[in-house]
Amino acid sequence: MLFRSDCDKVSIKKAELEKKLGSISFDSMAKTKTEKAVKTLEKLKTQIQQNHDNCHKEIGFYSDNDNCPICKQAITEEFKKEQVGSKTSKLDEYSKAIAEIETKLEESEKQVEKYEKIQNEIADIKLAIVQSNMTYDNLMNNIKNLDRKSTRLNSSHLVISYAVF
């Protein structure tokens, strides 16, 4: 009786695990799409960061130089102010774009983490189901072995009883 009761408990646990597994929704395509979006955003951020850095260098160039280092021609103050103003506004645009991308990246990375957490939960439940199946099979084998021994004992006991009479 003890093994049968254990079998019932394992069966109930397995049913609960399967129900829980069925209630979890996971869209692997959405995870893949989000992971691709993260990679795209990272590339875009790198490109914009490079543009930002180049723009910053150009501002430094116009601020520090009065003559072109290649042709030695003079750079007018008006041209320098125009270039620095233009590059400064570009620098602001790049900074804003980087901030927006970082926000989107953070959101996407959080979503990927959620997907990974769900995948891990699914894997844990599937493992628990496999373990429950193994426990159930072991218990059933023990029950069958005990039933066989019990049958043999009962039949040999009957033979002995008949022999006594």
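## Nonpolar cores and helix α2

In this predicted model, the largest nonpolar core is made up of 7 residues, namely Val 38, Leu 41, Ile 48, Ile 98, Ile 101, Leu 105 and Val 112. Two elements, α2 and α3 (77–164), each give two or more residues to this core, and α3 gives the most, with 4 residues. Ile 101, one of the core residues, is in contact with Leu 41, Leu 44, Lys 45 and Ile 48 once its neighbours within four places in sequence are left aside. Apart from this core lies another, of 6 residues, which include Ile 24, Ile 122, Ala 128 and Ile 129.

Helix α2 covers residues 28–64, and its N-terminal end is capped by Asp 27, a side-chain oxygen of which lies 3.1 Å from the backbone nitrogen of Met 29. The length of α2 can be checked against its residue count: at 1.5 Å a residue, its 37 residues should span 54 Å, and because the end C-alpha atoms are 54 Å apart, the two values agree.

| Span of α2 | Value |
|---|---|
| Expected span | 54 Å |
| Distance between end C-alpha atoms | 54 Å |

The buried residues of α2 include Val 38, Leu 41 and Ile 48, and also Thr 34, His 52 and Lys 31. Lys 31 has a relative accessible area of 12%, which is under 20%, and so Lys 31 counts as buried. Not counting residues up to four places away in sequence, Lys 31 touches Phe 26, Tyr 115, Glu 116 and Gln 119.

Terms used. Residues are numbered from 1 along each chain as its sequence is written. This is a predicted model: local features need pLDDT of at least 70, side-chain atom pairs count only at pLDDT 80 or more; totals for chains, interfaces and linings use all residues. Side-chain values use heavy atoms; hydrogens and water are left out. Buried means under 20% relative accessible area, exposed over 50%, partly exposed in between (1.4 Å probe, protein chains only). Contact means heavy atoms within 4.5 Å. A nonpolar core is a set of buried Ala, Val, Leu, Ile, Met, Phe, Trp, Tyr and Cys residues joined through side-chain atoms within 4.5 Å. The expected span of a helix is 1.5 Å times one less than its number of residues. A polar contact is a pair of N or O atoms within 3.5 Å; within protein, one must be able to donate a hydrogen and the other to accept it, and residues adjacent in sequence count only if both atoms are side-chain atoms.
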